[in-house]
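Welcome, and thanks for taking a look at this one with us. Please open the model below, and then we can walk through it topic by topic.

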Amino acid sequence: MSRVMRRVRGGGAERGAVAALVAIVFGSGVMVGLGAIVIDAGQAYSERAQLQNGADSAALAVAARCSLGAATCDIATTASSIAGTYAGKNAKDGTSTVTLVCGHDSFGKLVACPASDPARPANCGDAPVAGSQYVEVHTATRTTDGKSVLPPVFGRALLGNSFTGVGVTACARVAFGTPAGSSGLALTASYCEWKAAITATGGTEANPKYASPPPAVPAPTSEIVIYFHDTAPTPSHCVAGPSGFDVPGDFGSTQTSDANCNTQFNFDPASGSTTYASLPGSSLSAPCQAALLAAQLSHRIVFLPIYDRVTGSGGTGAYTLWRMAAFVITGYYWPSWSSNSWLTQTQPCKGNARCISGYFTTGVSPGQNIISGSGAGASVLRITN
């Protein structure tokens, strides 16, 4: 090698020296080794990324369905097939193996994750917080011909015919639960109105019963009316003063933080104030009218903050928030602006009242942080590994 390098430095036979170097590299197996690293290891890294993307999306999909209720969190009929679909869609060859779907939910539908299992990869991180709701999805290599290992390209040349390839695994864990904070509509309803709607269907605060989320259409009897200002609201136990359970001089509006009638709300006293200033006035802003109209026409879920305390009046009024609710708006009424319900074809209220009609349901809201305790139909998802 030193003689070859001297010839290169001398400048008289560069072409022959390069050829000799290449011959030496190939003869020593260095190029084969580099090929094994670049090709085989690169193939494994690519497979790992695809499997992780598949595990992440599958865990998010299963957690989203489990957050909506027991009916969509059935491991035997729903979760495994959903996980397989999402894991496969994230693989370049359209196929991968879901080796395990497990977790914990309040309905007892998910299979408990094993405490220790040699076949269970350890890349999901530390054990989840005891009692928390979560989904784990584990994925592994599967090729289009059904094999569970990636076939070697150069690795066999170094390790011999006994090397048949490498299997790759991935794991994702997604927590779900009651949002500690979330963006929602800058209108707010009282806790007693939410509770009255829940108990009317046989539910309780700890175990509420909700109408199925869109695209399902509930029976007309599930529709309720939420009053933002009325001297005689229904149900009667929501009466807390001359304006029902609303801030006197206000009409259920909170200050907006963007141009789309949304506000970022906090429901966790440990992380900041849960009190929000009211927005005095008897009419809705143009953005809020547009938001209500769009929600009614699309039949989509809106996220509505629920308060359990009011103080002050008019411009000094404030709502103390409890939880975020998922709600489908069917109709609305303001004295100069209204639309009949698409579910019952009736006017929600009349006279000097301000109200919306609709039904409480379940849905995944923006946000990631989770608070302990029961919620009001809205959930958030968070990848924790």
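Which residue does a disulfide join to Cys 124? The partner is Cys 171, with an S to S distance of 1.8 Å. Do keep in mind as you read that this is a predicted model. The notes below take up the disulfides, a salt bridge, the largest pocket and one helix.

**Disulfides**

- Searching the whole structure turns up 4 disulfides, and three of them are described here, including the pair you have just met.
- Cys 124 sits in the loop between S1 and S2, while Cys 171 belongs to strand S3 (residues 169–179); with their positions 47 residues apart, the pair links distant parts of the chain.
- The disulfide of Cys 124 and Cys 171 is left-handed, because the torsion about its S-S bond is about -80 degrees.
- As for their surroundings, Cys 124 and Cys 171 are both buried.
- Another disulfide runs from Cys 102 to Cys 113, with 2.0 Å from S to S.
- Here too distant parts of the chain are linked: Cys 102 is in strand S1 (residues 97–104) and Cys 113 is in the loop between S1 and strand S2 (134–140), 11 residues apart.
- The link of Cys 102 and Cys 113 is right-handed, with 90 degrees about the S-S bond, and both of these cysteines are buried.
- Further along the chain, Cys 349 and Cys 355 are joined by a disulfide, S to S 2.0 Å.
- A torsion of about -105 degrees about the S-S bond of Cys 349 and Cys 355 is why this disulfide is left-handed.
- Cys 349 counts as buried because its relative accessibility is 6%, and Cys 355, with a relative accessible area of 0%, is buried as well.

**Salt bridge**

- How many salt bridges does the count come to? The count is 1.
- That salt bridge brings together the side chains of Glu 136 and Arg 173, at 2.9 Å from N to O.
- Glu 136 is in strand S2 and Arg 173 in strand S3, so the pair ties together parts that lie 37 residues apart in sequence.
- Are the two partners buried or exposed? Glu 136 and Arg 173 are both buried.

**Largest pocket**

- The largest pocket holds about 1,000 Å³ of space.
- Its lining is made up of 44 residues, and those closest to the pocket centre are Ser 106, Phe 107, Gln 133, Gly 177 and Ser 379.
- Which element gives the most to the lining of the largest pocket? That is S3, with 5 residues.
- Elements that each supply at least two residues of this lining are helix H3 (30–68), S3, strand S15 (370–371) and strand S16 (378–383).
- By residue type, the lining of the largest pocket splits into 21 nonpolar, 19 polar and 4 charged residues.

**Helix H6**

- Helix H6 (residues 191–200) is mostly covered, with 7 of its 10 residues buried.
- Which residues of H6 are the buried ones? They are Tyr 191, Cys 192, Glu 193, Trp 194, Ala 196, Ala 197 and Ile 198.
- Just after H6 comes Gly 202, which takes a positive phi of about 90 degrees.

Conventions:
Residues are numbered from 1 along each chain as its sequence is written. This is a predicted model: local features need pLDDT of at least 70, side-chain atom pairs count only at pLDDT 80 or more; totals for chains, interfaces and linings use all residues. Side-chain values use heavy atoms; hydrogens and water are left out. A disulfide is a pair of cysteine sulfur atoms within 2.5 Å. Helices (H or I, at least four residues) and strands (E, at least two) are DSSP runs, numbered from the N terminus. Buried means under 20% relative accessible area, exposed over 50%, partly exposed in between (1.4 Å probe, protein chains only). On a 1 Å grid over the protein atoms alone, a cavity is a set of points where a 1.4 Å probe fits but cannot get out, and a pocket is an open set with protein on both sides within 12 Å along at least five of seven lines; lining residues have an atom within 4 Å of a point. Grid points are joined across faces, edges and corners, and a volume is the space filled by probe spheres set on the points. Ala, Val, Leu, Ile, Met, Phe, Trp, Tyr, Cys and Pro count as nonpolar, Asp, Glu, Lys and Arg as charged, and the others, Gly among them, as polar. A salt bridge is a side-chain nitrogen of Lys or Arg within 4 Å of a carboxyl oxygen of Asp or Glu.
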